[in-house]
Every structure is written in structure tokens, then in C-alpha cells.
Amino acid sequence: MKAEGKSKKAESKRDASARALSYFAFCLFTFTLLAACAARPRGPLAYVSNERDGTITVIDTGRDEVVSTIRVGARPRGIRIGPDGRRVYVAVSTPSGKDYDHGENRIVAVDTGTGEVAARYDVGTDPEQLAVHPDGTRLYASNEDAGMASVTDIRTGKQLASLVVGVEPEGVTVSPDGRWVYVTAETSNTVSVIDTQADKVVSTFLVDSRPRDAAFSPDGARAYVTTEIGRTVAVVDTSAHKVVHTIKVPRGENVKPMGVVVSNDGRRVYVATGRGNTVVAFDAASYEPLATIPVGQRVWGLALTPDGRKLYAANGLSNELSVIDTASNQVIKTIKAGDGRWGIAISRE
């Protein structure tokens with residue numbers, strides 16, 4: 001009888017241990033599942049270049065929270081995402097105040113899946129901005145100190161062409177159909193037009209003083225070019241590469257138009273005003289200003305989420321990202337991270 005009692009007690013203890021172990025395993029599984037769900041992005045990822053600390057800040061646009069930081073070194077400025085979303089490309093150059101180092105002047109490609117640097121492209125001296133052809137085959141980059149624009153084969157890394165453009169070229173933007181690349185030149189006040197079928201400059205036109213950036217309408221029929229000193233936005237007929245209208249940006253203290261993007265439906269044009277610390281929304285049909293939105297200090301790069309509901313503005317002096325609700329034209333969140341925020345690229349998924 002005593003032996004039988006001891007056996008039942010031992011069996012009971014084993015059952016209790018098994019239940020405890022099962023409960024622990026269940027809790028561990030649940031915790032792991034919750035952690036994995038919490039870590040998974042809720043929205044497309046935004047990649048922000050930080051020119052003073054050599055990094056890219058990655059932000060989940062669903063939560064509007066920083067999820068990682070990628071170190072690329074040197075001075076990252078222009079930033080784009082490849083058409084398949086697998087790589088983000090950033091133009092890096094020798095930091096201000098440092099002796100020129102050719103090895104620092106590259107287009108760096110980062111794998112969006114791993115966050116690791118996947119390739120470095122020699123695209124010539126002092127690259128500031130770039131564009132990726134929609135078919136994913138070529139990189140176009142401005143070489144600011146040389147007055148050139150380079151064309152590079154993404155697969156082989158070979159430079160296919162080096163083209164004479166304006167003086168101090170900066171902005172580089174490809175049309176939605178991939179036919180044209182517009183390169184803005186700060187000192188010559190020109191926009192050079194590259195025909196991507198031949199990789200040659202086929203046209204050059206004048207705009208107001210110190211053009212900085214360009215953006216195409218979704219149908220490619222119009223382009224919008226910001227001019228920092230002119231304080232205007234040139235509206236360009238892309239069929240003739242001709243300025244058909246000039247929008248005057250509302251004057252204010254230190255207003256200097258910089259970055260520009262067009263809404264997904266083509267009805268609005270958003271312009272960053274640099275040290276004016278605002279983003280101005282324009283009606284693309286009437287050219288009238290719809291709203292002036294206060295943001296952080298020295299706002300530069302702009303990017304829209306794929307659904308067009310949120311606009312992100314990089315503020316280089318206050319080291320923050322302003323998140324703007326495009327329905328209300330109000331800042332709904334400010335995200336701190338990175339030193340010297342410059343450009344933004346947002347994935348399509």
C-alpha cells in the first residue's frame with residue numbers, strides 16, 4: 001500500500017512538472033510570436049539620409065517609429081529606391097571641411113532585406129543626387145564639382161557615359177516612363193535633359209536662379225523645378241522641354257525652395273522652403289497655394305507614402321522628420337534621429 005501511494009505521488013509530480021513545462025513553452029511561444037509581430041513593419045519603410053553622421057535612418061511609416069540605422073560612411077545625401085524595392089541607393093561624398101578623398105565618393109547600394117551594403121559604384125567625383133532608371137539597369141548621378149552627369153550600369157558597375165551638363169549640377173530626376181532625366185545646375189541656372197535611349201544631353205533650358213530639385217507629374221507631361229534664389233517653381237512642358245509657367249512661392253523669412261514632390265493623382269505639388277521652415281502645397285491646375293505647413297528647421301527632402309496619405313519632410317538643422325497628414329495639411333508627428341537629415345526615399349510596399 002505504501003509503495004502504491006509513493007508511486008501515485010511521483011506520478012502526480014511528473015504530471016505537474018509536465019503541465020508547468022507545457023505552460024512555460026506556451027508562454028515562450030506567445031511572447032516570441034508577439035515580439036515578431038511587434039517587430040514586423042506595419043507600413044512601407046522610409047529611408048532617410050543623414051549627411052553629417054554618415055548614416056541612413058530606417059522608419060516604419062505604419063508606426064512612424066525608427067526601426068534601424070544603417071552606416072554607410074562619408075556624406076550621404078541623394079537617396080532613391082530601386083524599382084524592385086530590393087535595394088536603396090545613396091550618393092555619398094567627402095564630408096564638408098575634409099580633404100577630398102576619391103574613395104569616399106560613390107553610390108552605395110544597401111540591401112533592403114538585410115540592411116547590409118551590397119555594392120559600391122564609382123560614378124565620378126562629388127556625387128550629390130541620383131536617379132535609378134525604372135527598368136533597374138542604370139544609375140544617373142550628378143558630379144557637382146565637375147559639371148558632369150554620369151551614367152552607370154548597375155549590373156556590371158561600368159560607367160557608360162560622362163555627360164557635360166550645367167555648372168554645379170545637383171538635382172537628378174527620371175521621368176515615370178524612363179525616357180528623360182532632368183539634371184538641375186545651381187550656378188548656370190539651367191536644366192539639362194538626358195535622353196535615356198541614347199544617354200546623351202538633347203536639350204538645355206533656363207529657369208530662375210539656383211535650381212535645386214525637379215519632380216515629374218505621374219503622367220510625365222509636366223515637370224516642376226524649384227529655384228532657391230529665384231523663389232519660384234518652374235512648370236515645364238516635357239514634350240518640348242519648355243517652361244510654360246512660373247509659380248511664385250509665397251515670400252517669408254528665409255524662404256528658399258528646395259525639395260519638391262507631386263501627389264499621386266497629380267493634383268498637388270509640395271515644395272520644401274529650406275530655411276523658411278515650411279512646406280507649401282500648391283494646386284497643380286491653378287498654381288495657387290493651398291496651405292503653408294510649419295515644419296522643422298531647414299527642410300530639404302520630401303517623400304510621399306504610396307497611398308499619398310502622408311508626406312515626410314527631412315529637417316536638416318533640427319535633425320527631425322516631420323510627418324504631414326495630406327488630408328488636413330497638418331504635422332501629426334515629429335521623429336527624432338540622425339544628424340543632418342537630407343533626403344528621403346519610401347518603399348512601395
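1. Let's begin with a small group of rings: Tyr182, Phe205 and Phe216 make up one aromatic cluster. Please keep in mind as you look that this is a predicted model.

2. How many aromatic pairs are there by the rule used here? The count comes to four. One of them joins Tyr89 and Tyr121, a tilted pair with 6.4 Å from centre to centre and 45 degrees between the planes. Tyr89 sits in strand β5 (residues 87-93) and Tyr121 in strand β7 (residues 117-121), so the pair links distant parts of the chain, 32 residues apart. Both Tyr89 and Tyr121 are buried.

3. Now go back to two members of the cluster. Tyr182 and Phe216 form a tilted pair too, with centres 5.0 Å apart and 55 degrees between the planes. Because Tyr182 belongs to strand β13 (residues 180-185) and Phe216 to strand β16, this pair ties together parts of the chain 34 residues apart in sequence. Tyr182 and Phe216 are both buried.

4. Next, the largest pocket. Its volume is about 1,200 Å³, and 45 residues line it. Which of them lie nearest its centre? They are Arg80, Thr173, Val174, Val261 and Arg348. The elements giving two or more residues to this lining are β4 (75-81), β8 (127-132), β12 (169-174), β16 (211-216), β20 (260-262), β24 (299-304) and β28 (341-346). By class, the lining has 25 nonpolar, 15 polar and five charged residues.

5. The second largest pocket has a volume of about 220 Å³. Its lining includes Gly43, Pro44, Leu45 and Tyr47, along with Pro83, Asp84 and Gly85. Thr112, Ser347, Arg348 and Glu349 line this pocket as well. Sorted by class, there are four nonpolar, four polar and three charged residues. Look out for Arg348, which lines this second pocket and is also among the residues nearest the centre of the largest one.

6. Is His133 buried or exposed? His133 has a relative accessible area of 7%, and because buried means under 20%, it counts as buried. You can find His133 in the loop between β8 and β9 (138-143). Leaving out residues up to four places away in sequence, His133 touches Pro83, Arg138, Tyr140, Gly178 and Thr196. Of these contacts, Pro83 is one you have already met, in the lining of the second largest pocket.

7. Finally, a word on confidence. The protein chain averages a pLDDT of 92, and 89% of the residues score at least 70. Over residues 30-38, however, the pLDDT is below 50, and this stretch has two contacts in the model beyond near neighbours in sequence.

Terms used:
Residues numbered from 1 in each chain as written. Predicted model: local features only at pLDDT ≥ 70, side-chain atom pairs only at ≥ 80, totals over all residues. Heavy atoms only, no water. pLDDT = per-residue confidence, 0-100. Contact = heavy atoms within 4.5 Å. 1 Å grid on protein atoms, 1.4 Å probe; cavity = no way out; pocket = protein on both sides within 12 Å on 5 of 7 lines; lining within 4 Å. Points joined across faces, edges and corners; volume = space filled by probe spheres on them. Helix = DSSP H or I, 4+ residues; strand = E, 2+ residues; numbered from the N terminus. Nonpolar A, V, L, I, M, F, W, Y, C, P; charged D, E, K, R; others polar. Buried < 20%, exposed > 50% of the residue type's maximum accessible area, 1.4 Å probe, protein only. Phe/Tyr/Trp six-rings, centres within 6.5 Å; stacked < 30°, edge-to-face > 60°.
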